[in-house]
Structures are given as structure tokens and as C-alpha cells.
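Here's a quick walk through the fold, its core and a few residues in the loops. Have the sequence and the model open as you read.

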Amino acid sequence: GRWLESSDAAGLKAELFPDGSSRAPKRNIKYHITVHTSKQKGSGTDANVTIKLTGKNGQFGHVPLEGGGRAAFERGCADVFLLDAPDLGDLIGVNIGHDGSGGGY
């Protein structure tokens, strides 16, 4: 370990908050997102897909949903994503969209 000193050349610093302080940074949680693409002809896309989450405590997005080295959003497939985001409380809205660059719906 190292001590925190104002003269530290590496710029190491920490800000401490009392337990329960409104100024304390909010903890992130993991959201498991599953997107089912229709089996209908013409379904699927190679476009850049994003998601926006809205909860009772705020919103988070537009975050890219990426396939992790494989094609995502193919016709008839289910894709699972793990999104590390602030705790938004109970979710009240989810918006998924794409930029239109890769065709599909």
C-alpha cells in the first residue's frame, strides 16, 4: 500500500464520503440484456445498435450493444449482453435502436 500525500508526483488522491452521503458515487450494477431478433424474412441487422435504459432513479444510454467478436442481431437469434451501469432503480423504459448503417429492421 501507499500513503496518500498532497506532494505525490503520481497524482494519487482519494475523496472520502460519510456513509449514506448524497455526494458519494453511486454503485454500478450489472444489467443482463437479452435481445430476440424475429425469424421473419428481412429481420436482423448489421447496423450499430444502441440501448438506453430509463429507471425511477435516472437514465443511462445510448450505449452500443456489440457482439463480442461475432455477428449479433441475426435473424431468429437471441443475443445476451452484460451492461455495467448505474443503479437506475425499477426500470420504466428501454429503448433499442440502430443507426441504419447495416440494413434490416
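Of the 105 residues in the protein chain, 21% count as buried, where buried means under 20% relative accessible area, exposed means over 50%, and partly exposed is anything in between (1.4 Å probe, protein chains only). Keep in mind that this is a predicted model: local features need pLDDT of at least 70, side-chain atom pairs count only at pLDDT 80 or more, and totals for chains, interfaces and linings use all residues. Residues are numbered from 1 along each chain as its sequence is written, and side-chain values use heavy atoms, with hydrogens and water left out.

**Overall layout**

The protein chain has five strands and zero helices, giving the pattern β-β-β-β-β along the sequence. Both element types are DSSP runs numbered from the N terminus: helices are H or I with at least four residues, strands are E with at least two. Among contacts with a separation of 6 or more, 71% join residues 24 or more positions apart; a contact means heavy atoms within 4.5 Å. The protein chain exposes about 8,000 Å², with carbon and sulfur atoms supplying 49% of that (Shrake-Rupley method, 1.4 Å probe; for residues, only the protein chains shown count as cover).

**The core**

The largest nonpolar core has 14 residues, and Ile-33 and Leu-83 have the most contacts inside it. S1, S2 and S4 are the elements that give two or more residues to this core. By nonpolar core we mean a set of buried Ala, Val, Leu, Ile, Met, Phe, Trp, Tyr and Cys residues joined through side-chain atoms within 4.5 Å. Setting aside neighbours within four places in sequence, Leu-83 is in contact with residues including Ile-29, Ile-33, Ile-51, Leu-53 and Phe-60.

**One aromatic pair**

The structure holds one aromatic pair. The ring centres of Phe-73 and Phe-81 are 5.7 Å apart and the planes sit at 20°, so the pair is stacked. For the cut-offs, rings of Phe, Tyr and Trp (its six-membered ring) pair if their centres lie within 6.5 Å; planes under 30 degrees apart are stacked, over 60 edge-to-face, and the rest tilted. Phe-73 is buried at 6% relative accessibility, and Phe-81 is buried too, at 8%.

**Loop residues**

Now for four residues in loops.

| Residue | Loop | Relative accessible area |
|---|---|---|
| Ser-43 | between S1 and S2 | 17%, buried |
| Thr-45 | between S1 (28-36) and S2 (49-55) | 7%, buried |
| Cys-77 | between S3 (58-64) and S4 (78-86) | 31%, partly exposed |
| Asp-90 | between S4 and S5 (91-98) | 52%, exposed |

What do the side chains of Ser-43 and Thr-45 have within reach? A polar atom of the Ser-43 side chain lies 2.8 Å from the backbone oxygen of Gln-40. For Thr-45, a polar side-chain atom lies 3.0 Å from the backbone nitrogen of Ala-47. A polar contact is a pair of N or O atoms within 3.5 Å; within protein, one must be able to donate a hydrogen and the other to accept it, and residues adjacent in sequence count only if both atoms are side-chain atoms.

Cys-77 and Thr-37 are 40 residues apart in sequence, with 5.5 Å between their C-alpha atoms. Neighbours within four places aside, Cys-77 is in contact with Val-35, His-36 and Thr-37. Asp-90, on the same basis, touches Gly-55 and Lys-56. The C-alpha atoms of Asp-90 and Thr-54 are separated by 8.6 Å, and these residues are 36 apart along the chain.
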